[in-house]
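Subject: A structure for you to look at

Hi there,

Here is the structure I promised to pass on to you. Please open it first and have a look around, and then read my notes below with the model beside you.

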Number of protein chains: 2
Amino acid sequence: MRYSRIRVDGRPVWAEIADGLAHIMDISPIETEPLRLGRRLPLADVDFLPPVIPGVFYAVGFNYRSHVEHYGAKAPDRPEVGYRANNALTGHHQPIVKPAEVTGRFEAEGEVVAVIGRTLRRASRSEAQESIFGWTIGNDVSAREWQHADRTFWRSKNSDTFKPMGPWIETDVDPLAQTTTVRVDGGVRARFATGDMLFDPFDFIVEATKYLTMHPGDVLWMGADSNVQLEPGRTVEIEISGIGTLSNPVLEERHP
Amino acid sequence: MRYSRIRVDGRPVWAEIADGLAHIMDISPIETEPLRLGRRLPLADVDFLPPVIPGVFYAVGFNYRSHVEHYGAKAPDRPEVGYRANNALTGHHQPIVKPAEVTGRFEAEGEVVAVIGRTLRRASRSEAQESIFGWTIGNDVSAREWQHADRTFWRSKNSDTFKPMGPWIETDVDPLAQTTTVRVDGGVRARFATGDMLFDPFDFIVEATKYLTMHPGDVLWMGADSNVQLEPGRTVEIEISGIGTLSNPVLEERHP
């Protein structure tokens, strides 16, 4: 099943995506069994929102060997989570806005995203596996000069629109047996196997929930193998086989 | 006015705190004008929750000169936000649970917390001042060995119960003209003027909203001057004059 949040008549609603249509649902499918309300929209007319607004937005840094090597960093010896911020989330087809002050590398990273479906504390590996509601796609847009100059990742990774997520949550897919492809204006710029992760989502959930409670709707972004430079006027697509394609145009910020 | 969230009949509800009573309200006061529903509880019977669950949980690191000097760090030259995680929030009177694996310094920091009341982007200083719904108290509990050993602050600052907040939001107080007092079992362990901040809340809001949108209910924890060691079996109180007192017992974790 594929579920997303979409904007209808100015309001966010949940929808099931099937047969080229968005079927509007009564409630969130994450903890309950939603019903189709009867209204449906062709996908071409759908205004996609981030498929979930998490209570906690977890993200993983160095989690693919070539990404670690690219930075000359030491590979992590244990799975440690970090955080991103909800203000930065945006939906499929919505613009990534490059701030006027950004110079240097402004890059996309295509990531598998786990959407947590249960309350979890001290999860075993099998409990972690059973806890997943589904999988979506994230683009961890980063302004590298800020990332290096600032004390935290606040604006380098959390400026508005820097975290496209979507287009939907796929509930039936093996996230570790897929291929991630990053395209700019249709040209392939990166391709890697999702399964090449150093630590998989369940490793992170087992380790994190030794100390903290994960809740339904929390998300865990799993890191990327490659960085792809973004330019205003172009469109970036992250395709993960078995899930879908997240597409966002890149715009230059105009001051108000 | 003082507002909090409390648990009544197992459910979270908003309450106005006045005359030694919690007056249950119909809706959140943050963006609307709530009504008293008639039911009220003596404060002694109130089960306090964190007074707000933020969409984004902002926190400030080095923001008092003696705290910076304590760490031999360089004082920040600009106001940069960081993040904490909602799972760690807990309410007034709820236990801070020290994980069994924690050794070394396990410390409290008493912080002024701004609760944002409006949607803000590119705020001027006066817009930042007008955007505040009110002020509450946070205790930024930290396990220092983890803080130094880990890549991020995930478990050092975001383990469950490490972020007591409350007891309520005070809407009518000058947060920069108060005194913060940290007590353990009634004995004063730290006392400092809130106004000794390097950057004030409005400096942070002006800088942050150059790049990101703040939303009603977001919180901004303002940092502390001093660290106070916590021991299981004792109770830590953070009093900020003009706001109130946040009190939490410290417990040792027992494995299930």
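**Two unusual spots in the backbone**

B:Pro167 sits in strand β13 (residues 163-170) of chain B. The peptide bond that joins B:Gly166 to B:Pro167 is cis, with omega at about 0°. Chain A has a cis peptide bond too, between A:Gly166 and A:Pro167, again with omega at about 0°. Take care with the labels here: A:Pro167 belongs to strand β14 (residues 163-170) of chain A.

Why point these out? Most residues other than glycine have a negative phi, and most peptide bonds are trans.

That brings me to the other spot. A:Asp185 is not a glycine, yet its phi is positive, about 50°. You will find A:Asp185 in the loop between β15 (179-184) and β16 (187-193) of chain A. Is A:Asp185 buried or exposed? With 12 other C-beta atoms within 10 Å, A:Asp185 is exposed, because a residue counts as exposed at 12 or fewer.

In chain B, B:Asp185 also has a positive phi, near 45°. The loop that holds B:Asp185 runs between β14 (179-184) and β15 (187-193) of chain B. B:Asp185 is exposed, with 12 other C-beta atoms within 10 Å.

**How far to trust it**

Please keep in mind that this is a predicted model. In chain A the average pLDDT is 96, and 100% of the residues score at least 70. For the model, ipTM is 0.96 and pTM is 0.97.

**How the two chains sit together**

A turn of 180° with a shift of 0.0 Å along the axis lays chain A on chain B, with an RMSD of 0.0 Å. That is the relation of a two-fold axis.

Now for the contact between the chains. On one side are 26 residues of chain A, and they touch 27 residues of chain B. Which elements of chain A give two or more residues to this side? They are β7 (82-83) and α4 (154-158) of chain A. Of these, α4(A) gives the most, with three residues. Sorted by class, the side of chain A that touches chain B has ten nonpolar, ten polar and six charged residues. The copies meet through the same surface, because 100% of the interface residues of chain A are also interface residues in chain B.

**Two domains in chain A**

The domain assignment splits chain A into domain 1 (1-49) and domain 2 (52-252). Taken over C-alpha atoms, the centres of domain 1 and domain 2 of chain A are 23 Å apart. Where the domains of chain A touch, domain 1 gives ten residues and domain 2 gives 15 residues. Strand β1 (residues 2-8) of chain A supplies four residues, the largest share of the domain 1 side. That side of domain 1 of chain A consists of six nonpolar residues, one polar and three charged.

**A sheet to trace**

Finally, try following an open sheet of three strands in chain A, in the order β13-β10-β18, with antiparallel pairing. Which strands of this sheet are at the edges? They are β13 (142-143) and β18 (228-229) of chain A, each of which pairs on one side only. Strand β10 (residues 106-108) of chain A is joined to β18(A) by two bridges, in the antiparallel sense. To see a bridge for yourself, start at A:Glu107 and look for its partner in β18(A), A:Gln229.

Enjoy exploring, and write back with any questions!

Best wishes

Technical notes. Residues numbered from 1 in each chain as written. Chains lettered and ligands numbered in written order. Predicted model: local features only at pLDDT ≥ 70, side-chain atom pairs only at ≥ 80, totals over all residues. Pairing = 2+ DSSP bridges. pLDDT = per-residue confidence, 0-100. Least-squares fit on C-alpha atoms with pLDDT ≥ 70 in both. Contact = placed C-beta atoms within 7 Å. Nonpolar A, V, L, I, M, F, W, Y, C, P; charged D, E, K, R; others polar. Domains from an automatic or database assignment. Buried ≥ 20, exposed ≤ 12 C-beta atoms within 10 Å, placed from the backbone.
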